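Thanks for sharing this one. Here are my notes, in the order in which I would read the model with you.

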Amino acid sequence: MTDAFHPDLPPAARVHHVPAGALHAGTTQSSGMLRLAAISGQSVGAERLWMGQTHVGPGVSSGNHHHGDSESAIYVVSGHPEFVFLGENGEEERIRTAPGDYVFVPPNIPHREENPDPAEEAVVVIARSTQEAIVVNVPDLSVHRPQRPSA
C-alpha cells in the first residue's frame, strides 16, 4: 500500500493506493470462499466503507452468511457466480450472473455464493457500507434476527 504522499496527515485524511498484491485475507471468512480486503478502517482509515474481492473456486459453494447492518454492492469480474437466498415464498431463489453484472444485497439477508462452473474461478468485487467486513455465518438461509428482551 502506498500512502507516503502526506505521511504527516492521519490515515483518513490522505489518498491511499492499494495495489492488487496488497489485498489481505485478514478479515472474517465463510467456508468455500476467500475474502480479500482492500479498503477498510484497518488498511486506509476508512470510516464508512469496506471494499475487497471474493473468490469462489470451480464447483464450490460458500457457507450461508449475512453482513449484519451492511449494504453490499457486488460487481462480477469473472466467472458466473450464483447468489442464493430465500424468496418471499420461503423457497430458495438464485440470481445467475455474468462478468460485468452488479448485485445488491440488503442488510441482514442470509445468502450464499455458488460457482457451478467446473473449471473457472468466480471473482467479484464487493463494496460495503461499513468500514469493516461484517460477516455472520449462519446454519441456513432463514433470516436470523437477534432476540430483543421483553419489557
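In what order do the elements of the protein run from the N terminus on?

1. The order is β-α-β-β-β-β-β-β-β-β-β. Put as a count, the protein has one helix and 10 strands. Please keep in mind, as you read on, that this is a predicted model.

2. Next, the overall packing. Of the 151 residues in the protein, 38% are buried. Taking contacts between residues at least 6 apart in sequence, 69% join residues at least 24 apart.

3. A word on the surface. The protein exposes about 8,400 Å². Carbon and sulfur atoms supply 55% of that exposed area.

4. Now to the charged side chains, where I spent most of my time. Side chains of opposite charge can pair when their charged atoms come close. The structure holds six salt bridges, and I pick out three of them below.

5. One of the salt bridges joins the side chains of E47 and R48, at 3.8 Å from N to O. Buried or exposed, where do E47 and R48 stand? Both residues are exposed.

6. R96 and E82 make another salt bridge through their side chains, with an N to O distance of 3.4 Å. R96 belongs to strand β6 (residues 92-96) and E82 to strand β5 (residues 82-86), so this pair ties together parts that are 14 residues apart in sequence. The two partners are worth viewing with the surface switched on. R96 has a relative accessible area of 59% and is exposed, whereas E82, at 10% relative accessibility, counts as buried.

7. What is the distance between the closest N and O atoms of R112 and E114? In this salt bridge they are 2.7 Å apart. R112 is buried, because its relative accessible area of 13% falls under the 20% cut-off. E114 counts as buried too, with 14% relative accessibility.

8. Finally, please look at how these pairs connect. Which residues are linked in a network of salt bridges? They are E82, E92, R94, R96, R112 and E114. The network therefore takes in the exposed R96 as well as the buried E82. R112, buried at 13%, is in the network, and so is E114, buried at 14%.

Key. Residues numbered from 1 in each chain as written. Predicted model: local features only at pLDDT ≥ 70, side-chain atom pairs only at ≥ 80, totals over all residues. Heavy atoms only, no water. Helix = DSSP H or I, 4+ residues; strand = E, 2+ residues; numbered from the N terminus. Buried < 20%, exposed > 50% of the residue type's maximum accessible area, 1.4 Å probe, protein only. Contact = heavy atoms within 4.5 Å. Areas by Shrake-Rupley, 256 points an atom, 1.4 Å probe, with all protein chains shown as cover. Salt bridge = Lys/Arg side-chain N within 4 Å of Asp/Glu carboxyl O.
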